[in-house]
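Thanks for coming, everyone. I would like to walk slowly through a few places in a structure that may be new to you, so please have a look at it before I go on.

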Amino acid sequence: MPSAADQEVKKTKKKVVKKVVKKKRSESIKEENPEKSRKKSIQNVEESKEKSEIETNTEEKESLPATEPSTENVTSPEEQGTIVEKPQDVIANEGEAFTVRTKVTGGDVIHKLKVSWIKGKWNTLSKGDRLDIFGNERTGEYFLKFKCPKQSDTGAYRFKVTGQSVDEESSFTITVGPPVVEEKKIEVKKGYVPDEKELEKDIDFRKRLKQVEKYNKEEESGEWDVWSLLKNASSRDYEAIAFKFGISDIRAMLRRLSNTKKRENQKTSSFSKKMPETISCTLGDKVVLEAEVANEQMTVKWQKNGQSIDASKHYQIMTKENKRTLVIDKAILEDDATYSCLVGKDSSACELFVREHPVTITKGLEDVQVVEGQDAEFKCELSNENGRFKILKDGSQIEQGDKYNIKKEGAHVTFNVKKISTDDEGFYQVVTNGAQSCAEIVVQETPSFTQSFSDLKVNFKDTAEFACEVADESIQGHWLKNGKPVVATEKIKITQDKKERKLIITQVNDGDQGEYTFAAEGAVTCRITAALELTGGHVVIEKKKEKSPPKIFLDNSMQDRAIVVRAGNKVKLAIPISGQPAPVVEWKKGPKDKSEVIEATGKRVWTNTSTEHNKTHLEISSCKRSDSALYVCTLTWDKSGTEGADSEYIRRHDFEFHLRVVDVPGSPLTPNVSNVTAETCSLDWQEPADDGGYPIEGYVIERKKTQSQRWIRLNAEPLDCTEYEARRMIDGIEYQVRVRAVSEVGVSEPSDTSKPFTPLAACSVPIGFKVTATTDESIELSWQTPVEIGAAGLDGYKLEMRKASGEGGEWVEVQNGLLSNKSTKINIENLETCKKYEFRIAAINKAGPSQFQQVGPTVCADQVEEPKISIPRPYLKPVKVKVGEKLHINVPYQGKPKPVLTWTMDGKPLEDHVAVRNSPDSTVLFIRKAERWDSGRYHLELRVGEDAVTAHIDVAVIDIPSKPRQVKLVEVIGNSASLKWEEPNDSGNTDIIGYAVEKRDTRSDDWFVVYDKLRHKQCQVSDLVLGNNYFFRVRAINEVGIGDASPTKDSADIPKEKTVYKKPEYSAMDFRMKPEFTQTLNNRRIVENYNGTLSCALKCNPKPKVRWFKNKIEIIDNPKYKTTQSMGIVQLEIRRARLNDAGTYTVTASNELGEASCSAEVSIREIKAQG
């Protein structure tokens, strides 16, 4: 029966074990978490806490008595076979290896546990190419490894443990998803960074494109025999089959198919072989219908849909032996019918289906870029006026309705998408049974303005008018001048008529110049801005004065100003002049030192001076950029003729102004296309040589399909750099791009079109790459075609290999050039046996190689078995053998092919007397007569190819120990002697388990055993005979036996002594003590007229004087109370209690050493009279 202390230790131990198990479970979950460093620190703290708890429990255990047996390490039957760490659920992708781990406790050598892994209800798993099952019985850990999981491995699994008295299991699930395909990312080029909205559009683009590609792949699949398809198809697939094969009446086809089923069971004696029940052909094919009659003399009749057929150029009827043949040279649509061969009443029929040539698309759809709210129109042309087609959006069919209007006129197909919104963006397809055409709708946000105004240059006192048109009548706005609101006055009028918004300024003067803006309400960016400038002079009327010098009359607004005009416009400048006599006018162009006189007779640039109207004119028709220059008007006045010949007076007056001709920028240079991927390409270009007189604000990039005439703008806002990444292109379609420059004046002409380029996508990774067979000199590999091949097709496969090593070797191609794109298997020969190889494969097309799929390392061997040494349990501890006996160690192993076994002892080769015998599954180390020098650590190395495992076995050749050292007689006291010694120099290669001590009287030669096995190296020999001399000797003992004796040099003399008894004297003890109540008075409740007693316990010496008090008044010789004191008990009896006896009673005890007291409350319960 275990003590209470043992039970407490056991409870504490169980708590610690539960905590450790719980921690290990949490660790197994956390192993996949990347935050290992942080969690490892937390784990160390928990382990330190648990360690301190275990150490505390160990100390408590050691402090308990050693007489009780410990039950701490005894496993109860209920605990055997318990799953302490359950397998966890796993979520993985196809092709990614993972391992499921679990741990159990219990089991021993006699009662071993049996474990199994089960899928579903009864499918027990076993080790194979894709599965590896292994475990460790010593640690209780078991593993299930999926080397190359597939989606079919998804399901419920169980781990089951069975034993002598246990049957336990744990469930878990494995979910294997599709293989991970790396998302194609946008590489952001210098100068352009797509925002979050653009990236979201890229993701939507990929999703829509995948839906389109998925539909195309489904359309490409299928069989040619329409009858077989209809026979095996479900009713929901009839419409798709009818569309694919151009069947106009699917119900009639099904009736014909039903008739063939009825005729299958009809037996005829006239035909030994009937015609086939159904035949399918294409328009223009040759059709042969043949039947065999039972007798060559039989005549037959041929019918088509019940009408007789005669031989003609179209139908050829032939007879040869018992064969009857009808040949249709070139099948036409009218030949689609039921053909019968009649012999009397017997018949053999065949249903012939003639398929039209698939309808192709001669002119495909073009991409459309529209503004939100407008309608989009697609047009295409079919190869056949009667061809059937489907309209799809992002892979889903659309029908005629309020949103979509589909028209077909002959071979031309037109469909409109009404009131475009952003939801209508996507890919639209016209699909026939022989082709498909795809185009994209790109939706632009609705602009607030459909017509804008531009800068105005008006003459002084003219009228300036700014007018624009908004997209919707409901759009409100306000006018601004230089950023400040404009208020309507008599001079300034603001009008609003439907969508038209106007600002009219009359009698323009200097104060009206500035920037005018119309801003739409609720949209900060929706505004139009233009400038108002004055360009003309005005006439100042003066009275004529004789002999007045020349003058030019201009408004102040013309001073220090340049005239700006757009190229192609006409400039006409009229300058008022005066002077008497009339001055001579001369116009010049250019700086003063390099000026050129402008002739009055010029064709495009000319001048005119009218003295009658006092004006001079300069006109430039169709301005060019080269007309930009400084223009000078010079008036020369000579009055020498009027004032006499002796005096000459010449006077000049000049007027200068700059003319600046502006234009749209020149075209940028041809854009260069680079870094073409499956969806994107990089563009770069150079700025135009001529900016048109205004700085370039940005660039507009346009794209089109090579076969299309419609350009699609790629950027909504002008781009302020000369590099761009065009995105959202379709794999396999040829594109061209061009660039336009944008300035304040307008948009330039487009650049030259770039060279055509085709975005191409590399293939996806070949799937199912694995090793299918191995020999000692070759390895066979197999794989499957990539899931995604792309428009560039598949040119072949690149296969590389290398020898597996720790540092990794260099990859070498298996063969020169690519493997055929049709090959899915290869056998690589002339390899080295037992060497490990790694292989990788990539699919190659014009876009480049795919990612590599790798397999290995794989051992080149017919049978591969990993090297493993199974050390038997007895050899896990040092193997002990006595000197002279034989040493026989048998170690099982496994490993193929050609395992190499090497035994060494302490790193040195074995000596000649050590024999080694090897068998296919075990190795034996044998020594006939073991000696002490054969002790040591024996190492066993098993090498299979490049893999090697090692194990070691410790061997101890043991013998009896040598003599103990320094055996001494320490002292002799009375009839006992004390001995002490040191352990022997040689313990016999094993532990000393004790010492034997013997004694001998000097008068005898016989030795007598004092201690047969003593653990300590000292002892006390008692009960020696007085008057005798003794010698002692000590022997060491180990598991082999008892060693030689080592005697004491000196003898122990035990003298006889006379013993005189002397009575000891003891001092008197003082038993006095002051009074102390060991039990105090208790409160009492006494019934009236009844006796009650108060009691307490008292200890003291000498006997005390005891006094009682009631309410602090001492009770003296009152017959009402009786006091007693006996054996330490002090009592007070209250006789026939009355109500006035209630109160506080106190007892005091005092002697010469002190005094003590205690009190109690007494209450009296009154008895009430009844009745």
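Let me begin with a term: strands here are DSSP runs of at least two residues, numbered from the N terminus. Please also keep in mind that this is a predicted model.

With that in hand, we can place Ile 332, which is found in the loop between strand S16, residues 323–328, and strand S17, residues 337–343. Because its relative accessible area is 36%, Ile 332 is partly exposed. If we leave aside residues up to four places away in sequence, Ile 332 touches Leu 283, His 314 and Val 354. Of these contacts, Leu 283 lies 49 residues from Ile 332 along the chain, and yet the C-alpha atoms of the two are separated by 5.6 Å.

Let me turn now to helix H5, residues 238–245, whose buried residues are Ile 241, Ala 242, Phe 243 and Phe 245. What covers them includes two helices, H4 (226–232) and H6 (250–264), together with strands S18 (346–355), S22 (390–393) and S26 (426–431). Just after H5 comes Gly 246, which takes a positive phi of about 70°.

My last stop is on the surface, where Asp 776, Glu 777, Glu 829 and Asp 862 form a negative patch. Which loop holds Glu 829? The loop in question runs between strand S56, residues 825–828, and strand S57, residues 836–845. And why does Glu 829 count as exposed? The reason is that its relative accessibility is 53%, and exposed means over 50%.

How values were computed:
Residues are numbered from 1 along each chain as its sequence is written. This is a predicted model: local features need pLDDT of at least 70, side-chain atom pairs count only at pLDDT 80 or more; totals for chains, interfaces and linings use all residues. Side-chain values use heavy atoms; hydrogens and water are left out. Buried means under 20% relative accessible area, exposed over 50%, partly exposed in between (1.4 Å probe, protein chains only). Helices (H or I, at least four residues) and strands (E, at least two) are DSSP runs, numbered from the N terminus. Contact means heavy atoms within 4.5 Å. Patches are made of residues with over 30% relative accessible area and no salt bridge: like charges are joined within 9 Å, nonpolar side chains (Val, Leu, Ile, Met, Phe, Trp, Tyr) within 5 Å. Accessible areas come from the Shrake-Rupley method with a 1.4 Å probe; for residues, only the protein chains shown count as cover. A salt bridge is a side-chain nitrogen of Lys or Arg within 4 Å of a carboxyl oxygen of Asp or Glu. Lys and Arg count as positive and Asp and Glu as negative; His and the chain ends are not counted. The place of a charge is taken as NZ of Lys, CZ of Arg, CG of Asp or CD of Glu.
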